[in-house]
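Reader: I have a structure open and would like to know how its labels were earned. Could you take me through the reasoning, one term at a time?

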Amino acid sequence: MSSSRDQPGLLRLSAHPNNYEWGKVGSDSLAAKVAPAAEGSGFELDEQKPYAELWMGTHPNNPSHLYGKEILLSDYLRGRPKLLGDAVKFPARYPGSGPKENADGHVPFLFKILTCKQALPLQIHPDVELAKKLHSDDPDKFPDTNHKPEIAVCLSDSFYGFAHFRPLKEIQGLIDTVPELDDLSESVKKSLSTLKDGHGSSNSAIKDAWQAILNLFGQDKYSKVVNGFTKRVKSEGPSAFKDAVSSNGAEDLAHACKILDEYNHGDVSIFATLLFMNLVKLKKGEGIYVGADGPHAWLQGEIVELMAASDNVLNVGFTPEQDNVQTVIRAITGKSFSVSDISLNSTTFSKSSKGNTRVYSVPFEEFSIMHITGPDTLEALSGPGIAIALKATRLQGEGVPMGSVWFVPAGTELSIEGDGEVWMAFYDSKSDQKEVGKN
Ligand SMILES: [Zn+2]
């Protein structure tokens, strides 16, 4: 797309969906709906296949290309650092990024459209220090040494996901509603009773009990205990959780339990999530964040997801292969959060001339996100943006289709006409910190 003034023009990108098992299937998936324009003519819909995530960015595990060309966005940017502006200060920390020429040319964030019908693996993302240690111990298994703080903003009518540990009182209350826990191992029972006593550090009590449960992963006799619990919840409904949580909370728990039982039958992680972690229900436009020490497992719905440029993950549940629980435990603090602690605030963006753009305040350095829902002109940013049109619109005076993906170079003023809808991930060191969060 040509530039209107003395500024670089937008670059259309070709971004690719992946087919992880947990994604929504066929044209039911938003990742599949956007794919014909996002990927281009090479995309062929298979109604039997899950489409989990569309990746937009330069991460080598699923990198974006220039639209209609065999050129990687990272290769194109490598010789044109001006297009990244001051985001060049973030080094790439993944395979092939050793020599200087490979570390350059990277967008500091990875932007996704994510859709799920069932739980993603229960996971955590190590911080930079632990990631480096894991990499030096086992470079093949842990090639990626970046941290991966992330955010999710809901695109569907509702989205369910587990994020961070609940407040201790809620965990204690929920444990009391589950007599089946008495049939778990001695070590689980011991750690649960310490947790209920409330003596000592609640962080370590939560961690110990969570770890003891996850250690039972894959053992038949404990799967039977889980199945007894899910069967009971399915027959009792929300009242299974009695007075432990609000009535909305109990309804959400019963709903989540049903999905987990359907797709992750007998998995002990059902206890580790439902009883220990916040079950967050987002409405359209609402967002949450997950920091370095936050376990999470998205459950059902559609989101834009945005994270540091990383694919660095440890999986402990809802997965065919569990990573070492001991390692996972090293990565978490056991700290509790309430849902409002991890919710994202949004405000009208002060760089918007017509006020049709909201920006989310994100507590991480490498990225923020904006949502454009009408005609607007946005002041240039100091770093790059990657935008996806979720409704057809006009960018820089030209019509763009629903699903098309665009690289917005640093220093480019952006004009949007019409009633389209655009989500844009970006880095801008010059934005007001109150609006975008940390920078
Ligand atoms: Zn994650």
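Author: Gladly. Let's begin in the loop between α8 (220-236) and α9 (247-263), where K242 lies. This is a predicted model, and K242 has a positive phi of about 35 degrees although it is not a glycine.

Reader: Why is K242 called partly exposed?

Author: K242 has 13 other C-beta atoms within 10 Å. A residue counts as exposed at 12 or fewer and as buried at 20 or more, so a value in between earns the label partly exposed.

Reader: Which loop holds F318, and what makes F318 count as buried?

Author: F318 sits in the loop between β14 and α11. It has 24 C-beta neighbours inside 10 Å; the cut-off is 20 or more, so the label is buried. F318 is also a residue other than glycine with a positive phi, near 50 degrees.

Reader: How do you know that the span of helix α7 agrees with its number of residues?

Author: Helix α7 (residues 202-214) has 13 residues, which at 1.5 Å a residue should span 18 Å. The rule multiplies by one less than the number of residues. The end C-alpha atoms of α7 are 18 Å apart, so the two values agree.

Reader: What makes α7 "mostly covered"?

Author: Of the 13 residues of α7, 10 are buried. They are A205, I206, K207, D208, A209, W210, Q211, A212, I213 and L214. The cover over these buried residues includes β10 (158-165), α5 (168-176), α6 (186-197), α10 (269-274), β14 (314-317) and α11 (325-330).

Reader: Which residues have the most contacts inside the largest nonpolar core?

Author: They are F109, I213, I369, I388 and M424, in a core of 135 residues. Strand β13 (residues 296-308) gives the most to this core, with eight residues. I213 is also one of the buried residues of α7. As for I388, leaving out residues up to four places away in sequence, it touches V34, A38, M56, I113, V405 and W423.

Reader: How is the chain divided into domains, and what does the contact between domain 1 and domain 3 take from each?

Author: The division gives domain 1 (15-159), domain 2 (168-275) and domain 3 (345-436). Between domain 1 and domain 3, the contact takes 24 residues from the former and 23 residues from the latter. On the domain 1 side, the elements that give two or more residues are α1 (30-38), β7 (109-116) and β9 (150-154). The largest share, six residues, comes from α1. By type, the residues on that side divide into 20 nonpolar, two polar and two charged. The centres of these two domains, taken over C-alpha atoms, are separated by 19 Å.

Reader: How many helices and strands does the chain have, and why is the chain called as compact as a globular protein of its length?

Author: There are 12 helices and 24 strands. The radius of gyration is 22 Å, and the globule rule gives 22 Å for 439 residues, so the chain is as compact as a globular protein of that length. Along the principal axes, the C-alpha atoms fill a box of roughly 70 × 45 × 45 Å.

Reader: What share of the residues counts as buried?

Author: Of the 439 residues, 51% count as buried. As for contacts with a separation of 6 or more, residues 24 or more positions apart account for 74% of them.

Terms used:
Residues are numbered from 1 along each chain as its sequence is written. This is a predicted model: local features need pLDDT of at least 70, side-chain atom pairs count only at pLDDT 80 or more; totals for chains, interfaces and linings use all residues. A nonpolar core is a set of buried Ala, Val, Leu, Ile, Met, Phe, Trp, Tyr and Cys residues joined through C-beta atoms within 7 Å. Helices (H or I, at least four residues) and strands (E, at least two) are DSSP runs, numbered from the N terminus. Two residues are in contact if their C-beta atoms, placed from the backbone, lie within 7 Å. Domain bounds come from an automatic or database domain assignment. Ala, Val, Leu, Ile, Met, Phe, Trp, Tyr, Cys and Pro count as nonpolar, Asp, Glu, Lys and Arg as charged, and the others, Gly among them, as polar. The radius of gyration is taken over C-alpha atoms; the globule rule is 2.2 Å times the number of residues to the power 0.38.
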